[in-house]
Amino acid sequence: PFLANVISHSEFTSGKAITTFIDNTPELFNFPRVRDRGNKTMKYIAEITVNGFPGVEKTKKKYLKEARLPKEIVKNNAIITPKMLLDQKGPQAVIDFINQKEEVLMTDTTFRDAHQSLLATRVRTTDFKKIAEQTSQGIPELFSAEVWGGATFDVAYRFLNEDPWVRLKKLRKLMPNTLFQMLFRGSNAVGYQNYPDNVLREFINKAAKEGVDVFRIFDSLNWLPQMEKSIQYVRDAGKIAEGTICYTGDVLDPNQTKYNMTYYKKMAKDLENMGSQIIAIKDMAGLLQPQAAYHLITALKETVSVPIHLHTHDTAGNGVITYSAATKAGVDIVDVAMSAMSGATSQPSMSSLYYALKNGDRTPNINIDNVQQINHYWEDVRTFYAPFENGISAAQTEVYAHEMPGGQYSNLQQQAKAVGLEAKWDKVKVMYAVVNQMFGDIVKVTPSSKVVGDMALFMVQNELSEDDIYEKGRTLNYPESVINFFEGNLGQPTGGFPPKLKEIILNGRESIDVRPGSLTPPVDFSVVKAELSELIHYEPTELDVISYIMYPQVFLDYVKMHDRFGDVELLDTLTFFQGMREGETVEVRIEKGKTLIITLDEIGRSDIEGNRTLFFNLNGQRREITVKDQQ
Ligand code: 3PY
Ligand code: ZN
């Protein structure tokens with residue numbers, strides 16, 4: 001194509017070509033990108049069609065219906081949303097707004113926690129984009145939409161071949177009047193390890209700039225020193241810091257000596273003093289029972305003057321009752337999800353809560369018809385992700401025993417599957433509770449929950465009991481995360497580490513008891529940028545640099561995949577996960593006015609070396625793509 005560009009360029013054909021022509025004529029390098037993009041897209045489709053997507057069974061039918069989109073959303077143009085208040089008047093105006101509201105406010109978690117908890121975080125940007133505008137316009141009364149953070153960041157790169165920053169930017173454009181909320185793991189940011197303070201600041205600033213308004217900041221051990229910096233950085237960025245208490249155990253259990261009412265009240269007060277503008281109670285496993293919710297919220301409302309935002313999971317089936325009790329006790333905001341993406345390990349349903357509180361004095365103010373229509377879309381979209389369903393379709397009260405977070409359940413299940421423990425999943429759950437007690441009953445949420453999960457898998461896989469660990473534990477090769485935890489690199493658990501187990505697991509290794517971030521030198525971003533640029537052979541953006549710092553290998557793998565296959569995020573979800581069937585046509589809108597119309601005419605037989613040629617038609621032209629059949 002380069003030569004063709006030279007030959008057809010008017011300056012060249014006019015005979016005035018000089019040696020600087022190439023340097024002065026950058027348009028020579030405008031290769032026909034569509035052809036390139038078409039080829040890359042077909043390469044991806046061919047690969048998935050022949051070899052499949054890991055863990056996905058091919059159930060695609062040839063002709064698919066599109067997900068139903070709302071026919072008519074009734075807009076409320078007169079409304080002033082919290083996002084407008086934040087942008088025009090700053091965080092205090094949003095807090096005043098919350099305090100003036102009679103009704104209970106809601107956060108919609110459909111774009112983040114709901115699919116993290118139900119579908120292994122696999123929902124793709126394209127499926128959010130299609131409903132984003134209508135969600136923003138149809139439910140402008142929402143306090144916020146949780147759209148980013150938690151596991152969505154690395155899963156986007158790792159499994160979806162997508163850039164999470166691009167997702168954020170696209171959604172921000174489509175939902176300009178909705179407050180965006182993200183889940184931020186304190187000193188672990190969106191990762192599983194501790195990051196230096198200047199990385200936290202950089203990440204928060206970038207996320208704020210790209211559109212995040214409310215940062216829910218938690219620490220996986222409820223250790224306040226790990227949250228303080230992040231709260232400060234969010235405030236410095238002019239956004240809203242939601243300091244978070246992770247809820248564990250049962251606050252009304254008289255035998256509960258650790259996580260009791262005194263503990264929660266003190267933590268709430270400390271978070272308020274630290275500068276939290278809202279306090280979140282993050283009931284990540286769904287352990288907060290209705291009576292406990294009533295007493296806890298009542299006590300916290302008496303203790304602090306900032307609004308309280310309650311988050312739960314519906315695993316045990318009591319979510320709406322818990323919210324109803326919390327609403328009576330004066331909770332300000334609760335987290336819900338679109339009905340089709342709610343329940344079980346996800347959040348309680350938005351529309352169910354609406355009806356549960358209807359005709360009361362705090363009924364959520366939403367247009368329920370709009371909500372129902374938007375929900376039809378999710379009813380259809382959820383079916384695209386059937387291979388990632390975690391199998392929990394009914395309430396499971398055993399969560400009160402194993403205490404596994406909703407967001408972890410489906411991921412740990414996939415992890416167990418990957419190491420051949422699918423059939424022993426019940427054992428893994430029981431072991432999870434055993435490990436928690438061995439660790440001294442810790443708060444379990446990412447990344448501490450991953451430590452407990454890894455240890456439970458390790459013990460089930462190696463058929464080890466608790467006694468085995470104490471008896472022959474010194475000779476075992478523990479998972480990296482477990483050693484890291486006992487070294488103190490995630491911080492300090494409430495009441496400290498169990499000394500005997502710590503000694504066995506560390507087996508002579510050093511440990512720390514100070515904030516890990518106080519020992520980590522700041523990252524020099526320009527050095528990292530240069531290093532990354534060498535590795536990927538192009539000039540990375542500042543967002544690339546921060547992603548690379550969070551997840552070096554995952555980011556590099558993503559770059560490689562992107563290089564090979566292009567923007568696969570533009571493919572529809574069934575094609576992305578299942579490829580194409582013979583005779584099928586798909587359309588890929590690569591930009592405004594440019595659509596790839598791809599038909600798969602035939603899948604050739606495997607040749608002697610195991611290669612298969614797929615015969616496509618791309619916008620009317622025959623194309624062949626050959627891939628190695630791995631089966
Ligand atoms: C996460 O950190 O990803 C969580 O959802 C914790 O609940
Ligand atoms: Zn959650």
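These notebook entries record what I looked up in a predicted model.

**Entry 1: the barrel.** I began with the strands. Eight of them close into a barrel, in the order 1-2-3-4-5-6-7-8, and their pairing is parallel. From one strand to the next, the twist averages 30 degrees. I then examined one pair within this arrangement. Strand 3 covers residues 180–184 and strand 4 covers residues 214–217; four bridges join the two, which run parallel. For Phe-184, I noted that the bridge partner in strand 4 is Ile-217.

**Entry 2: the zinc ion.** Which residues are the protein donors of the zinc ion (ligand 2)? I found Asp-113, through OD, together with His-311 and His-313, each through NE2. These donors lie 2.0 to 2.1 Å from the ion. Along the sequence, their spacing reads D-x197-H-x1-H. I next asked whether His-313 is buried or exposed. Its relative accessibility is 3%, so I entered it as buried, the cut-off being under 20%. His-311 has a relative accessible area of 0% and is therefore buried.

**Entry 3: the cavities.** I turned to the empty space inside the model. Rolling a probe the size of a water molecule over the atoms shows where such space is left. How many cavities of 30 Å³ or more does a search of the whole structure find? The search gives four. The largest cavity holds about 50 Å³ of space. I listed its lining as Glu-103, Val-104, Leu-105, Met-106, Glu-141, Leu-142, Pro-364, Asn-365 and Ile-366. Sorted by class, this lining has six nonpolar residues, one polar residue and two charged residues.

Methods
Residues numbered from 1 in each chain as written. Chains lettered and ligands numbered in written order. Predicted model: local features only at pLDDT ≥ 70, side-chain atom pairs only at ≥ 80, totals over all residues. Heavy atoms only, no water. 1 Å grid on protein atoms, 1.4 Å probe; cavity = no way out; pocket = protein on both sides within 12 Å on 5 of 7 lines; lining within 4 Å. Points joined across faces, edges and corners; volume = space filled by probe spheres on them. Nonpolar A, V, L, I, M, F, W, Y, C, P; charged D, E, K, R; others polar. Donors = N, O, S within 2.8 Å, 3.2 Å for Na, K, Ca; no water. Buried < 20%, exposed > 50% of the residue type's maximum accessible area, 1.4 Å probe, protein only. Pairing = 2+ DSSP bridges. Axes fitted to C-alpha atoms, helices over the stretch in contact; angles between N-to-C directions.
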